[in-house]
Amino acid sequence: MRVIENIFTSLLRHEYARSMSFGPIHEEDELPAPAPGVSYQLYLHIPFCLVLCPFCSFHRVEYQPALADRYFEALRQEIRRYGEQGFVFDDLYVGGGTPTVNEGQLLRTIDMCNELFPIRGISVETNPSDMRPDLLHALRDRGVRRLSVGVQSFDDGLLKSMERYDKYGSGQSIVSALEGARGIFPTVNVDMIFNLPGQTETSLARDLETLLAVKPEQISYYPLMVADSARRRVAESMGPLRKSDSRRFFEQIVSALSPEYQRSTAWCFSTQGEAVDEYIVERGEYIGAGSGAFSFMNSTIHATSFSINGYCHRIAAGSSAITRSKQLSRREQMRYDFVMKLFGLSLDKAWIMKRHGRRFYLDMALELLGMRLLGALRLFGPTLSVTPRGEYYWIIMMREFFNNVNVFRDEMRKQIRFEYDALEHDAGISAGDKPENG
Ligand code: SF4
């Protein structure tokens, strides 16, 4: 079984790497016009953090108040422009980075979205040290229904090795912050990581006990995913990376949480039956605004500039911030649907027939057969559904998917200097305007 798993995983890695290879950088690219009568989800990316955790591959830079002020101004301008183009948003997801790093700017931006669009639900990501009662109530009063807190672990030793202890607090202070948020939002989600260097079964068991005592409505337990560019940084501050314990840890998590939590996706545990997970799983199409945001429309992925200065200048000049796009082929679109929908543990066959027809079963034969051989998928009945054994394979698939997103992020980061140099040339921007991180 392990041999099949290894062959299958390396095939997936290869295939997904191809799916995430984008075309060349464009000077600028636009989203297509919105479909009439359709409401979209709006994703806002806030790329600032108080400390840059060594394992993290998201687009983020160290918080600089002046740059953040300029950034939020540009972000609001970009959102207003989407409104003028006829986009209607009914759902808002603010992720990062740490969206609450500048609460005044965040609240102003949410207020503007509420004024411009019929927003029904808002999710905001945060870190434990920002969970002050006044901010939590201000968010709740503006319609935030889901607060997602980056915890990663309650183990002080691990928090120190992740360089989070000093800025985001000890395990005990994180517990107090989570207890303080109880009852304010319909859903508090806690993000955790397993398979961290230095993590032991005992440490994981203590984290699980703490979670069961705090009992947030939702827990997302991710395997550690490290971009190639971050491997050395992680090894230096946290210790050598390992792969072999991943399944054992996952089984420990499932067995500890299963009695009290239901599964809503392969790595998401919820007390509420239905749960909200990553925006890409929830909604078919979404619009991303801000530096380093992705949009998905008409089977095309669009990515905005990773240069924060470049982003602000583009928006100020009335240009689109999108610099890369990739149109998914039919097969890539099928694969995307297959992975994302089954990450939510079931895929409606009628929906897939309507979307792709019978070709789906031919073109996806490799994945379907591989998953069947691994005992990961039930093929009969009105839905394709993931078996308990298969949940771990979906974690592997998602890990591969996100690893390839990380490869793409690394590529976009490499473009920052090139992009800034072009701006400098065209707009006469002085070198002093350029922070090190772009
Ligand atoms: S893990 Fe969270 S807090 Fe740490 S750098 Fe990444 S986005 Fe910022």
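Biologist: With which residue does R263 form a salt bridge?
Modeller: This is a predicted model, in which local features need pLDDT of at least 70 and side-chain atom pairs count only at pLDDT 80 or more, while totals for chains, interfaces and linings use all residues. Residues are numbered from 1 along each chain as its sequence is written, and side-chain values use heavy atoms, leaving out hydrogens and water. A salt bridge requires a side-chain nitrogen of Lys or Arg within 4 Å of a carboxyl oxygen of Asp or Glu. The closest N and O atoms are 2.6 Å apart, and the partner of R263 is E391.

Biologist: How many residues apart in sequence are the parts tied together by R263 and E391?
Modeller: R263 lies in strand 9 (residues 262–265), whereas E391 belongs to helix 17 (residues 390–427), so the pair joins parts separated in sequence by 128 residues. Helices (H or I, at least four residues) and strands (E, at least two) are DSSP runs numbered from the N terminus. The separation is therefore 128 residues.

Biologist: Is R263 buried or exposed?
Modeller: Buried denotes under 20% relative accessible area, exposed over 50%, and partly exposed in between (1.4 Å probe, protein chains only). E391 has 11% relative accessibility and counts as buried. With a relative accessible area of 19%, R263 is likewise buried.

Biologist: What is the N to O distance between R142 and D111?
Modeller: The side chains of R142 and D111 meet in a salt bridge. The pair links distant parts of the chain, R142 being in the loop between helix 4 (133–141) and strand 6 (144–152) and D111 in helix 3, 31 residues apart. R142, at 24% relative accessibility, is partly exposed, as is D111 at 26%. The N to O distance is 2.8 Å.

Biologist: Which residue is linked with E73 and R108 in a network of salt bridges?
Modeller: R108 and E73 meet at 3.9 Å, N to O. R108 lies in helix 3 (residues 103–116) and E73 in helix 2 (residues 65–84), so their contact ties parts that are 35 residues apart in sequence. The further member of the network is R76.

Biologist: How many residues of helix 12 are buried?
Modeller: Helix 12 spans residues 308–316 and is mostly covered. Its buried residues are I308, N309, G310, Y311, C312, R314 and I315. Of nine residues, the number buried is seven.

Biologist: How many residues of the shell around the ligand are charged?
Modeller: A residue is near the ligand if one of its heavy atoms lies within 4 Å; among those around the ligand are C49, F55, R60, N127 and R164. Ala, Val, Leu, Ile, Met, Phe, Trp, Tyr, Cys and Pro count as nonpolar, Asp, Glu, Lys and Arg as charged, and the others, Gly among them, as polar. The shell has seven nonpolar and three polar residues, and the number charged is two.
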